[in-house]
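Q: Could you take me on a close tour of the sheet in this protein, strand by strand, and then of whatever packs against it? I work at the bench, so please spell out any terms you use.

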Amino acid sequence: MSLPDREKTELGRLLRRIALAGLVGSLALISACQVRPLYSSAPLSTGSTANAEMASIAVKPVRTRYAQQVRNNLIFGFGRGAGEPASPLYSLDLGVSEGVESSALVQNGTDQDEPTAGSVTLTAGYTLTDVKTGAVIAVGKRAITSSFDRPRQEFASYRAQIDAENRAARELAEALQLSIAQDLARHGKAAS
């Protein structure tokens with residue numbers, strides 16, 4: 001065996017050892033990771049599942065139309081269509097604000113500066129409390145923006161804005177539901 005062949009063999013062995021060490025190290029890292037579905041049937045701290053805890057959240061009444069849309073979608077999502085809980089474990093205080101903006105001023109065939117597109121932004125702040133103890137479990141804030149076209153007809157423009165509010169309310173309720181589920185999962189881990 002000549003000198004260059006010997007170096008190639010030693011280099012090959014070294015590279016194989018490095019690759020093997022990297023593989024063993026990555027396997028050790030992967031084995032430490034846990035994946036647990038958020039809505040799994042695994043019990044939280046009190047022995048109830050995430051779905052059961054979500055279904056036991058009562059959402060306090062709100063005042064505006066768009067906030068009521070968010071509330072209705074939350075109640076439907078929490079209870080999986082079953083409505084409000086008879087004896088809630090948690091209470092959700094919800095505050096929803098709205099911002100409507102003109103997004104574009106594009107006019108074809110006219111020189112008037114009327115907005116042709118708009119966007120509705122719904123922002124919700126929430127406080128989740130334990131009904132029995134009154135302890136605050138989580139506080140959070142989420143926002144969703146929905147775009148819409150503004151036709152020249154006044155009623156059509158108003159209706160398009162209402163439809164955008166409803167879309168934003170549906171999406172905001174889904175985002176809040178996910179955030180609250182994560183808060184409950186964290187609370188369950190902290191209580192155990």
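**The sheet and its neighbours**

A: Let's begin with one pair of residues: V120 has its bridge partner in β4, and that partner is S146. The model you are viewing is predicted, so local features need pLDDT of at least 70 and side-chain atom pairs count only at pLDDT 80 or more, while totals for chains, interfaces and linings use all residues. Residues are numbered from 1 along each chain as its sequence is written, and side-chain values use heavy atoms, leaving out hydrogens and water.

V120 and S146 belong to a longer run, since β3 and β4 pair in the antiparallel sense over 13 bridges (pairing takes at least two DSSP bridges). Between β3 and β4 there are five residues, making the two strands a hairpin, and G134 in its turn has a positive phi of about 80 degrees.

On to the neighbouring pair. Strand β2, residues 90-104, runs antiparallel to strand β3, residues 117-130, and 14 bridges join the two. You can follow this pairing through individual residues: A104 stands opposite A117 in β3, and G95 has G125 of β3 as its bridge partner.

The link between β1 and β2 is a parallel one, made by three bridges. Here V59 finds its bridge partner, L92, in β2.

Now put the strands together. They form an open sheet of four strands with mixed pairing, in the order β1-β2-β3-β4. At the edges are β1 (57-59) and β4 (136-149), each pairing on one side only. From one strand to the next, the twist averages 25 degrees.

Helix α3, residues 65-78, packs on this sheet and touches β1, β2 and β3, and its direction makes about 130 degrees with that of β2. Axes here are lines fitted to C-alpha atoms, for helices over the stretch in contact, with angles from 0 to 180 degrees between N-to-C directions; contact means heavy atoms within 4.5 Å.

F78 is a good residue to zoom in on, and its place is in helix α3. Is F78 buried or exposed? It counts as buried because its relative accessibility is 2%, the limit for buried being under 20% relative accessible area (1.4 Å probe, protein chains only). Leaving aside residues up to four places away in sequence, F78 touches M54, A55, I57, V59, L92, Q177 and I180. V59 and L92, the bridge partners from β1 and β2, are thus both among its contacts. F78 and A55 are 23 residues apart in sequence, yet 4.9 Å apart in space, C-alpha to C-alpha.

Past this helix, R80 lies in the loop between α3 and β2. R80 has a positive phi of about 55 degrees although it is not a glycine. Most residues other than glycine have a negative phi.

Finally, step back to the whole chain. It has four helices and four strands, which are DSSP runs numbered from the N terminus (H or I, at least four residues, for helices; E, at least two, for strands). From the N terminus on, the elements follow one another as α-α-β-α-β-β-β-α. Of the 192 residues of the chain, 33% count as buried. Among contacts between residues at least 6 apart in sequence, 62% join residues at least 24 apart.

Note on methods: Buried < 20%, exposed > 50% of the residue type's maximum accessible area, 1.4 Å probe, protein only.
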